[in-house]
Amino acid sequence: MESVKKSDGKWYLTKVKQTIYKFGMIQDGDTVVVGLSGGKDSAVLLHALVQFRRQAKIKFDLKAVFVDLGWPLDRAPLLALTSRYGVPLHIEETPIARIVFERRQEKNPCALCSNLRRGALNQAALQLKGNKVALGHHLDDAIETFLMNLIFTGQMGTFKPVTFLDRTGITQIRPLIQLPGRTVESLARREGLEILPNPCPASGATRRREMTDLVAKLCSRYPDLREKMRTAFLASFWKEKI
């Protein structure tokens, strides 16, 4: 089930629907803002939410935001993607790249960059009258975050399917959290979802990348690890929700 074929293409959407309904991610009247990063994960998220909206009885608005960090890039694929689905795109201009790599010169830039990007995305969502921000994190991301927390901070935990942010009143949702990374990759290829090259100079040399490689090694040795982690996460999330 970790790849998407034409014959089982509905499997991924069933999981997305199940996640949305199980955790009450979207309600009638919501304005859901999809955070587009330019990568395959957020592109698949937009695709899945468009498909969900077409089938669901829930009525909600969809908008998209791309946080421009200040790197030179071709925005045409982003515009083509959102135009394909009829979803309005807002581009939030920021100096984040300059702050992280020139002003602060962070040795481990990912944490600061992530916080600044998330803040810019949430502020843009508020400007667009959004009350939900959808993020493209999938199951492998959740496992990697769990391992990062365990190895580098000595804490056990990962991000949640639904997180309410007190300061902004925005609720973050992660509809892809039950989908393995390879399913997302396969879906992106099948649907021809173009992505932007990652211009970050730290790309491929981060702790996150170390965890990606570690998860791949663990899953090659223990093939059912992803499914066991998914089951464990869901039990923990649901217990907290109750």
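What percentage of the 242 residues of the chain count as buried? The value is 46%, and that is a handy place to start a walk through this model, which is predicted.

Let's take the whole chain before the details. Its secondary structure adds up to nine helices and six strands. Put a box around the C-alpha atoms along the principal axes, and you get roughly 45 × 40 × 35 Å. The radius of gyration is 17 Å, and a compact globule with 242 residues would come in near 18 Å, so the chain agrees with what you'd expect of such a globule. Contacts tell you how the chain is put together: take those between residues at least 6 apart in sequence, and 77% of them join residues at least 24 apart. As for the outside, the accessible surface comes to about 13,000 Å², with 52% of that belonging to carbon and sulfur atoms.

Now for a helix. In α4, which covers residues 96-103, the buried residues are I96, A97, I99 and V100. What do they pack against? The buried residues of α4 sit against β2 (61-68) and α5. Just after α4 you'll meet Q105, which takes a positive phi of about 50°.

Carry on along the chain to the loop between α5 (110-127) and β4 (132-134), and you'll find K129 there. K129 isn't a glycine, yet its phi is positive too, at about 65°. Is K129 buried or exposed? Its relative accessible area is 69%, and exposed means over 50%, so K129 counts as exposed.

D140 makes a nice contrast. This aspartate belongs to helix α6, residues 139-153. Its relative accessibility is 8%; the cut-off for buried is under 20%, so D140 counts as buried. Who keeps D140 company? Setting aside neighbours within four places in sequence, D140 is in contact with L179, P180, G181, V215 and R226.

Finally, have a look at the empty spaces inside. How many cavities of 30 Å³ or more does the count give? It gives two. The largest cavity has a volume of about 50 Å³. Around this largest cavity you'll find L36, G38, G39, S42, A43, P77, L78, L81, E194, I195 and L196. Two helices, α2 (40-55) and α3 (76-85), each put at least two residues into that lining, and α3 has the largest share, with three. By character, the lining of the largest cavity splits into seven nonpolar residues, three polar and one charged.

The second largest cavity holds about 30 Å³ of space. Its lining is made up of L139, I177, Q178, R230, F233, L234 and F237. Which helix gives the most here? That's α9, residues 225-241, with four residues of the lining. Sort the lining of the second largest cavity by type and you get five nonpolar residues, one polar and one charged.

Methods: Residues are numbered from 1 along each chain as its sequence is written. This is a predicted model: local features need pLDDT of at least 70, side-chain atom pairs count only at pLDDT 80 or more; totals for chains, interfaces and linings use all residues. Side-chain values use heavy atoms; hydrogens and water are left out. On a 1 Å grid over the protein atoms alone, a cavity is a set of points where a 1.4 Å probe fits but cannot get out, and a pocket is an open set with protein on both sides within 12 Å along at least five of seven lines; lining residues have an atom within 4 Å of a point. Grid points are joined across faces, edges and corners, and a volume is the space filled by probe spheres set on the points. Ala, Val, Leu, Ile, Met, Phe, Trp, Tyr, Cys and Pro count as nonpolar, Asp, Glu, Lys and Arg as charged, and the others, Gly among them, as polar. Buried means under 20% relative accessible area, exposed over 50%, partly exposed in between (1.4 Å probe, protein chains only). The radius of gyration is taken over C-alpha atoms; the globule rule is 2.2 Å times the number of residues to the power 0.38. Contact means heavy atoms within 4.5 Å. Accessible areas come from the Shrake-Rupley method with a 1.4 Å probe; for residues, only the protein chains shown count as cover.
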